[in-house]
Amino acid sequence: MEEANDSVSLTLHTLASIRSLIINADTSVSVISSVFDFLTGLLIRDDSPILHHVLKLLSDLSLYRNELAPQISDSILSNFLRLRNSDDNNSHGRVAAESLAVLASLSERNPSAAAFSGIDGEAFASICLGAPVSPRMWMIRNAERFRVPSSVLFTLFFGFTKDPYPCIREAALDGLVYVCEEAGGFVGHVHAVQGCYARAVELLDDAEDSVRSSAVRAVSVWGKVLIASKEESNRRECRDAVFLQLCSVVRDMSVDVRVEVFKAFGVMRTASESIILQTLSKKVLRAGKGKKPQDHLLNESADAAAAAGVFIHGFEDEFYEVREAAVDSFHSLSVNSVEFPDEAVCLLMDMLYDDYMVVRLKALEALHHIADMGNLKIQETYMPAFLDAIVDTSENIRLTARNILKLAKLPDLKLVNKGVDGVLKSLEIYPQDEPDILSTLFLLGQNHSNFVVNIIKRFREKLETDSGNKSEFNSQQVSAFLVFIISAPLSSKQSITSIPPLAFSYSLAMLGKFSCGLHDMMDQDTLLAYLAHCITLSASSGKEFSKADMFLNAYRRSNADHSGSPVLPPSKDIPAESKPMASIAELEIVNPALKSVDHILLKVKAAWLLLQSECSKEAFRALRACKQELATLTANSSISNGALEFMSQYVHVIELLAQVWPHFENSRHTSTCRSVELELLMEELEIKLMEIRCRFTGLSTEVSLVMELVILGCLLRLYKFEICCRLNCKKKLSATVSQLKLHHEQQCTKPSDFVTETDNSLQEIGSSADISSVRLLDLIKKFNCFSPEQFTLSCNLKCVSAELEVPGNGPYSPISFVAGLPVAIPCEIKLLDVPRDARLWLRISTSDDTCQFVYFDPNLYSGDEREKRFMFTAVTCMTPRAVVFTLRVSIGIECLFEDVCCRKHRYGPKHPVAYLCKEREVHFSLVYRTKAL
Amino acid sequence: MAIDCLVLGAGQEIGKSCVVVTINNKKIMFDCGMHMGCDDHNRYPDFSILSKSGDFDKTISCVIITHFHMDHVGALPYFTEVCGYNGPVYMSYPTKALSPLMLEDYRRIMVDRRGEEELFTSAHIATCMNKVIPLDLKQTIQVDQDLQIRAYYAGHVLGAVMVYAKVGDAAIVYTGDYNMTTDRHLGAAKIDRLQLDLLISESTYATTTRGSKYPREREFLQAVHKCVAGGGKALIPSFALGRAQELCMLLDDYWERMNIKVPIYFSSGLTIQANMYYKMLISWTSQNVKEKHVAHNPFDFKNVKDFDRSLIHAPGPCVLFATPGMLCAGFSLEVFKHWAPSPLNLVALPGYSVAGTVGHKLMSGKPTTVDLYNGTKVDVRCKIHQVAFSPHTDAKGIMDLTKFLSPKNVVLVHGEKPSMMSLKDKITSELDIPCFVPANGETVSVASTAFIKANASDMFLKSCSNPNFRFSNSSAQLRVTDQRTSDGVLVIEKSKKAKIVHQDEVSEALREEDHIVSLAYCCPVKVKGETDGVGLIKLLSKKISETVSYAEIHESETCLQVGSFKGSLCLKEECVHRRGISSCSEVKFLCCNWSVADLELGWEIINAMKQNL
């Protein structure tokens, strides 16, 4: 006995000195290797008190000598396997677990040395069962590191929930949660799920706090699996049962448990309306009385009374962690229940006085959400809470509070005044918030335009007191007032005349500041146009009103389309399918590219309306901005290149129209030079439209848009131009109108008023060539192709395009030719998205505009792939008697729908051609006959 | 064994709390209070029930006071100094600090102002307090060899505790007064999940269910704000400790937030002293206060000043906290006399007022005149606001606590009889726990837990060291059991200590032989032609090996064996295992028996053999 003890102490002593050898970086390799040999030798001895130290030393050794790691891992693994195979499993439990720990950390440290790649389930289970408590707990906690099959884990964890040690029960429950959540959604047999849930429910009554809080997690997670496993008809009942089960532990004395319960409500996300209502009242509601959703799982009935006042308790909890979790889960519940009572809002409002910033912020976020759904009525009682939030020291709280104010509807002037005061005060304290504060005031003004007169009165007073001191004029307060006032005309309730023009002109001076604040509603150009417009209107007041309305309507509509969509970014914990209605607008919000396209379309619309109200300069500017914005967009998964191309073409067309427009607005008689300009513009417009029509494939709703533009072009032409082209024009007009009508019939859509009117007029005049110009103008004015449904860009919109290259050709490396003889031009051609039925031509033209068309054999590009490359040799006879000359080549597509026959060439296309690429110059030089040798 | 719970006070009433519990022959007195509404001998609990001789030291192991309210501590000096109890008295640190203040204050009012007979002197109070042993939260105190007590946080007032007491295996909890929700300055009650035989709970609000506290706070603040904004004076009569601090914190916060400059006064020196205690005893306050006090002690009220008598008639608005509450006497009543006639002023009454006090009269209606005790009448034109603040838990809180602790029995004290009855029904029906509502002087006896100690055999201990799960699939759900304990068998022999042995050891321990259940069946087998016994066995063995693939068959001349299954030719005319088939020439019988372990194998073989028929 004496000796044995002696040997142990001796070895421990030796081990300690070995450790110093290992740690010392200067120890020679030979010593280290003998140390390694010695230690591995010790491994075989089944001396468990020593083995613990040996394993530790080996782990240290691997840390200091990385190159030995694979060998160390091998030797430990072989020893581990030896231990496993030995009969006396029990005494080795601890050693086995420790070996595993070292192995796992080794393999995690150098993943390349994959000597250890998990152990089989059986081995894992036997170690777990055999080991004493602390290694057992380690094994359970680290199970995920050993790549053990989920089924084995489930069985083990499930069994260990019966362990007498609370720490093991807790770890086992956490493991069950892990199995359910992480391990690839292992969902066993229904019985297993039910058993697991039932066991977790049992452990809600455990004596140990930590076990209970783990049990709550397990109940929520397995409850969800259970709910999912039920048939549709039973799900609701089952969900309620799980919810009530959780409610029953909400009054636990342990803070952790309460926090977990509220988090679990957030996980559950929803329950029956009656239960949710019950959670808001401590008194048992009549609806809840007697209603007992059967808890099929435990064959007990859960009473809705269990849910009584759950949130009241949560909100007035002593610990802020609980309050925070309660507010958070309250938020996610309110997201998913369609109707949410006012009392709920009151409860939340009370939380705005909480001492903790986190809780206040969460409460504000929840309120913001409710406001977003349009359910928030701020009562006077709660106004101080809001105003406190607006001047809170935390930036997040201020921001959220302002966001609520942006959406809120305040019932009376007193509150509006209070709100404005609060915002002004916050502006004073936190000048850095100015942009957002301006935007808040703008929206607040828009929402409460009926109180604007009173605010103007206050503003006047303010201005008068300030005017003594000129330097104060530009103060933030004034700008804040202004932004509030100028927003009023945008809501229909307020007539523009009540606002002094002064307000608008002052605002012009602060354009930069304002547009910075309002950037998400309108850009600087629009704002400028708007202000300018308001100035004229409020000054004149009278007949021009209709136009103002048009602008405002346009803005309003665009706002409704655009900024009116929920301000909240889709919360992470709300899956898309659970939202009551995921409108298109919402989906688009998710995608920034689509959003900006939308934005551009709205701007185009606004520009068009500006044009109508004779603000052509602003309109041009807006359109140019659109073009620039388009140029910055890049194609991605949600928006194809074709769609972008279509957009830019479309904007271009509108720009052309904008250029054409003033010619029609002014009197009919214009100077010739202008009419020539007009003629050119019209031609360009028509060509552009033709190009759009034949270059884009996959058009769906856009067809009608393009056709309407064509019709408009015809009408313009009819209105403005000489009698000579009328017949052709009218022919084209009626052809297009009937095509469009056909299109609408096929698509079962309703043609726009513009089309119907034009059609009617055409039928009225019948075959006679003349349409009265008044009627024409009337029709033209009707044009409004900006209804939003025309603008859903098809995602499979493709643009036909081509690239043409003449390899090796240039001014200094021309193609040789012999005058009078045909010459071949080698073309390298790349085609993109060419439809099968397209007719493609190669156009070869000289400088004097004589041209030759060469037809492409469709077989050249008939493949299925999107992009086709091929070589094509075009032969031309246009070789003049010249030393050098150039030809221009390009690729065109024949526009089959253009009925107008303009056949100029015998062998050329029968229809007009739209060009797909830029003209390429090809250089030729005469072959000099080299003197014969 | 039984636990006896004798209610000396606060049985079916509120006042003079005193419950004596006997657990395994140890008597513990919980609380020793006096009744504020009585002036006669009924004011104190009837201690004579405990001991006719008056030798309380022998009968009572210890006295435990839960908190410093007079109805819980008021009779203590009387009991120790006058009745002569000298045993240990336990109370929490704050209670020990604050009780003398309360007792002294009460003595002064009773003796100095009303001129009543002195029941105990200041010296009594001092010597009584010297006997007190202070308790800390969750500190387990071994009162004597068998009795353990432990205090848990109860909310209610500063230093209020619930008490857990354990003698042997029997354990009880006496709650005292408690609050299940946090208020401005105190936390909610906290207790572990304990194994209890009995829970003795207060039931002041046995039928009330209160809503959220926030609207109540708001109403109070608005009422006070409205009053001072209109230039009025607000009087808040309250006890020196507890409500005064809570309301003051509330007002101080609000004053800060709304930037109100109106002064808030505290009336007496006592309250200032009390505030000092609150400042010191931060660890007994709510989480919120604890976390805040690092930066600023919330009991350092910024807007609060001392009140001077001359200020009663000073012009301008103010808020005054004056003692005592309920407007029963003293300074608060005096101020009331002066302020009540003005319609600008406000009297805000927090909490409960005992019948017969001015406070009660004000609450029970809107009187125009009030009779004071000395016969003078006062015009009441001021506004009356009742603050529904209470430091007691509501009915739901009592239910929640009871549900959380799940004791075997519940006794309700400290409440009004009708509402206690309805709560009793609720506890009995909803929680399925027997509940008792004893009146003063009554005793409730409940059974107590007693564990038996037993030795365990080595084999059982060994089998216990490792988990031994068994999964079963019953009623459509997976269940797991740990077989460890169910493998044990408790053996109690006469005049020997109980012992747990492993089930494999049972027969040995009982000196009995093992019984093995086996099945037997005499199986008819059809014989073709003149096959003899050996041939038949061969034939069957072949047959069995065809159908039961895993079977390892041993055959001898006339019998065949597969595992525990044994079959041999039965030559008897009448075999007891033969059923329903009479012998005939073409049928031979194979008499089979097999053990339960091979139940299914046996039937499988028999089926195979029968097919040979």
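Start by selecting Lys292(B) and Asp355(A): their side chains form a salt bridge, with 3.4 Å from N to O. Keep in mind as you look around that this is a predicted model.

Now widen the view to the whole interface of chain A and chain B. The rule finds 8 salt bridges across it, and 20 residue pairs, both at pLDDT 80 or more, are in polar contact between the two chains.

Next, color the helices of chain A that help make up the side touching chain B. Pick α6 (121–130), α8 (150–160), α10 (190–203), α15 (310–315), α16 (320–336) and α17 (342–350), since each of them supplies at least two residues of that side. Coloring by class, you'd find 22 nonpolar, 11 polar and 18 charged residues on the side of chain A that touches chain B.

How many residues are in contact here? On chain A there are 51, and they meet 46 residues of chain B. Together the chains bury about 4100 Å², and carbon and sulfur atoms give 53% of that area. Zoom in on Met253(A), Glu316(A) and Glu318(A): they supply 20% of the area that chain A buries against chain B, more than any other three residues.

For the last stop, leave the interface and select helices α19 (residues 383–390) and α20 (residues 395–407) of chain A. Their axes come within 7 Å and cross at roughly 130 degrees, so α19(A) and α20(A) are oblique to each other. Show the side chains of Phe386(A), Ala389(A) and Ile390(A) in α19(A); these residues meet Ile397(A), Arg398(A), Ala401(A), Ile404(A) and Leu405(A) in α20(A). By class, this contact has 7 nonpolar, no polar and 1 charged residues.

How values were computed. Residues numbered from 1 in each chain as written. Chains lettered and ligands numbered in written order. Predicted model: local features only at pLDDT ≥ 70, side-chain atom pairs only at ≥ 80, totals over all residues. Heavy atoms only, no water. Axes fitted to C-alpha atoms, helices over the stretch in contact; angles between N-to-C directions. Helix = DSSP H or I, 4+ residues; strand = E, 2+ residues; numbered from the N terminus. Parallel < 35°, antiparallel > 145°, perpendicular 65-115°, else oblique. Contact = heavy atoms within 4.5 Å. Nonpolar A, V, L, I, M, F, W, Y, C, P; charged D, E, K, R; others polar. Buried area = accessible area lost by both parts, 1.4 Å probe. Salt bridge = Lys/Arg side-chain N within 4 Å of Asp/Glu carboxyl O. Polar contact = N/O pair within 3.5 Å; in protein donor to acceptor, adjacent residues only side chain to side chain.
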